[in-house]
Amino acid sequence: MASEDREDRVVLTDEEGGEHPFRVIDVIEVEGKIYAILLPDAGDVDEAGVEEAVIFRVEEDENGEEVLYDIEDDDEWERVAEAYSQMAEEE
């Protein structure tokens with residue numbers, strides 16, 4: 001998902017069929033895998049009033065289309081979150 005090829009906004013569909021718009025704020029590579037960092041368009045915030053970003057792994061399906069997958073492994077999620085935090089601090 002190269003930055004010039006990606007949309008700045010995506011709509012994800014939940015299990016109940018509800019659609020949720022997100023802004024793609026960054027795409028990063030960690031340990032050879034590509035990850036998309038998304039912020040909810042609806043302005044969802046946590047208890048501290050901070051917008052909560054979500055992270056998805058980007059993979060190609062059998063048709064060559066890019067698909068976003070949940071990160072179910074806590075260690076993988078932590079590595080990606082840490083890499084993104086370090087990158088954001090450097091900017």
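Which residue does Glu-59 meet in a salt bridge? I started my notebook with that one, keeping in mind that this is a predicted model. The partner is Arg-57, and I read 2.6 Å from N to O between the two side chains. I then looked up how open each side chain is. Glu-59 is partly exposed, with a relative accessible area of 34%. Arg-57 sits at 14% relative accessibility, so I noted Arg-57 as buried, since the cut-off for that is under 20%.

Next I searched the whole structure, and the search gave 5 salt bridges. One of them joins Asp-41 and Arg-9, at 2.7 Å from N to O. This pair links distant parts of the chain, 32 residues apart: Arg-9 belongs to strand 1 (residues 9-13), while Asp-41 lies in the loop between strand 3 (33-40) and strand 4 (54-60). I found Asp-41 partly exposed at 32% relative accessibility, and Arg-9 partly exposed at 49%. A nice extra for the page: Arg-9 and Asp-41 are linked with Arg-23 in a network of salt bridges.

Where does Arg-79 lie, and where does Glu-31? I checked this pair because Arg-79 forms a salt bridge with Glu-31, their closest N and O atoms being 3.2 Å apart. Arg-79 is in helix 1 (residues 74-90), and Glu-31 is in the loop between strand 2 (19-30) and strand 3. With their positions 48 residues apart, this pair also links distant parts of the chain. My last look was at accessibility: Arg-79 is partly exposed at 37%, whereas Glu-31 is exposed at 62%.

How values were computed. Residues numbered from 1 in each chain as written. Predicted model: local features only at pLDDT ≥ 70, side-chain atom pairs only at ≥ 80, totals over all residues. Heavy atoms only, no water. Salt bridge = Lys/Arg side-chain N within 4 Å of Asp/Glu carboxyl O. Helix = DSSP H or I, 4+ residues; strand = E, 2+ residues; numbered from the N terminus. Buried < 20%, exposed > 50% of the residue type's maximum accessible area, 1.4 Å probe, protein only.
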